[in-house]
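Here is a short round of questions on how the labels for this fold are earned. Each answer sets a value against its cut-off.

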Amino acid sequence: MNLEKLSIEVGNLCKEVGANIIQQRLNFDPAVVVEKGLNQLVSFVDIEAEKQLVEGLKKIVPEAGFITEENTVEQLNTELVWIIDPLDGTTNFIHNLPVYSISIALAKGNEILIGVVYEMGKKDLFTAWQNGGAWCNGEKISVTKTSELSQSLIATGFPYYEFDQMEAYIKTLTYLMKNTHGLRRLGSAAVDLAYVACGKFDAFFETGLHAWDVAAGCLLVQEAGGTVYDFKGENNFLFGKSITAGNVPVNAILNQLVQSNFK
Ligand code: IPD
């Protein structure tokens, strides 16, 4: 498989579907939003975008199966799997805050072969393929060289539907507020990871995320020279619902911090 060629094809598909999503936003009626669970929002835009992506990806790698956020396609147990979030940052989209993205990864088991994040507001296309580096609009990108936590900018996502680890979160946030340049919560984990990969953020952490929120972004960070762990400092970040990602030194410090706060 030519992974570079595949990532270009997936990028083109993202731009096509992204243009439809932006068009839908122009006349978007918040009344069409449905709540899947507490604060877990979805609209016909997410569902239509997912269907278009699935159709496009079936043509690119016909033998691959799907893991998708909106469940519009049967999830078969295939060796190759597309992991898709058609609209990461749905809450931002609904409130017309321009940070949302399409996130697509192709995985073989736990190994991610390609990762594409398309940030529609800025029309920035982030792509990575295994051993091929990470790229934004065709320019090579890399993580920051910051080595001190005190010099770093950290991104996170606040809990909004599971609150059992609030104490650990608040303890971690308190420490980071006092010991970094600051914290940011953009509202799209895929964009957070892309921004780690291109050196806007030094690191990112969040708990409660799904594979479709992080799969593409993890490869971007790794191919940009960074590291990704779960909250135990291990590699179960794809399906394990906890993640820290960043440049090597800052992510090591951040991961130690979450390991001591989250039990
Ligand atoms: C969400 C975003 C958000 C993160 C949430 C995710 P969605 O994805 O990535 O930043 O904090 O945990 O669920 O639901 O908008 O696709």
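Q: Which residue of β14 is the bridge partner of A203?
A: In this predicted model, A203 has G246 as its bridge partner in β14.

Q: What makes β12 and β14 a pair?
A: Pairing takes at least two bridges between two strands. Strand β12 (residues 203–207) and strand β14 (residues 242–246) have 5 bridges. They therefore count as paired. The sense is antiparallel.

Q: Where do β12 and β14 sit in their sheet?
A: The sheet is open and has 5 strands, in the order β11-β10-β12-β14-β13. Its pairing is mixed. From one strand to the next, the twist averages 20°.

Q: Why are β11 and β13 called edge strands?
A: Each of them pairs on one side only. β11 covers 182–184 and β13 covers 227–229.

Q: Which strands of this sheet does α5 touch?
A: α5 packs on the sheet against β10 (153–156), β12 and β14.

Q: What angle does α5 make with β12, and what is that called?
A: The direction of α5 makes about 155° with that of β12. Over 145 counts as roughly antiparallel, so α5 and β12 are roughly antiparallel.

Q: Why is E206 called buried?
A: Its relative accessibility is 5%. The cut-off for buried is under 20%, so E206 qualifies. E206 lies in strand β12.

Q: What does E206 touch, leaving out residues up to four places away in sequence?
A: T156, G157, Y169, A189, F231, S242 and I243.

Q: How far is E206 from I21?
A: They are 185 residues apart in sequence. In space, the C-alpha to C-alpha distance is 26 Å.

Q: Why are α5 and α6 called roughly parallel?
A: Their axes cross at roughly 0°. Angles under 35 degrees count as roughly parallel, so the label fits α5 and α6. The axes of α5 (residues 189–197) and α6 (residues 211–223) come within 8 Å.

Q: Which residues make the contact of α5 with α6?
A: From α5 come A189, A190, L193, A194, V196 and A197. They meet D213, V214, G217, C218, L220 and V221 in α6. These residues divide into 10 nonpolar, 1 polar and 1 charged.

Q: In what order do the strands of the 7-strand sheet run?
A: The order is β3-β4-β5-β6-β7-β8-β9, in an open sheet with mixed pairing. β3 (65–68) and β9 (139–141) are the edge strands, as each pairs on one side only. Neighbouring strands are turned by 20° against each other on average, direction ignored.

Q: How do you know that β4 and β5 pair?
A: 7 bridges join β4 (residues 80–88) to β5 (residues 101–108). The minimum is two, so they count as paired. The two strands run antiparallel. D85 stands opposite S103 in β5.

Q: What does α1 lie across, and at what angle to β6?
A: Helix α1 (residues 3–26) lies across β4, β5, β6 (111–119) and β7 (124–129). It runs at about 30° to β6. That is under 35 degrees, so α1 and β6 are roughly parallel.

Q: At what angle does α5 run to β6?
A: The angle is about 100°. Because 65 to 115 counts as roughly perpendicular, that label fits α5 and β6. α5 lies across β4, β5, β6, β7 and β9.

Q: Why is β7 called mostly covered?
A: 6 of its 6 residues are buried. D124, F126 and A128 point one way, while L125, T127 and W129 point the other way.

Q: What joins β7 to β6 and β8?
A: 6 bridges join β6 to β7, running antiparallel. V117 has F126 as its bridge partner in β7. Their hairpin has 4 residues between the strands, with K123 in the turn at a positive phi of about 55°. 3 bridges join β7 to β8 (residues 134–136), also antiparallel. A128 stands opposite A134 in β8.

Q: Why is the protein chain called as compact as a globular protein of its length?
A: Its radius of gyration is 17 Å. The globule rule gives 18 Å for 263 residues, and the value is close to that, so the description holds.

Technical notes: Residues numbered from 1 in each chain as written. Predicted model: local features only at pLDDT ≥ 70, side-chain atom pairs only at ≥ 80, totals over all residues. Heavy atoms only, no water. Axes fitted to C-alpha atoms, helices over the stretch in contact; angles between N-to-C directions. Contact = heavy atoms within 4.5 Å. Nonpolar A, V, L, I, M, F, W, Y, C, P; charged D, E, K, R; others polar. Rg over C-alpha atoms; globule rule 2.2 N^0.38 Å. Buried < 20%, exposed > 50% of the residue type's maximum accessible area, 1.4 Å probe, protein only.
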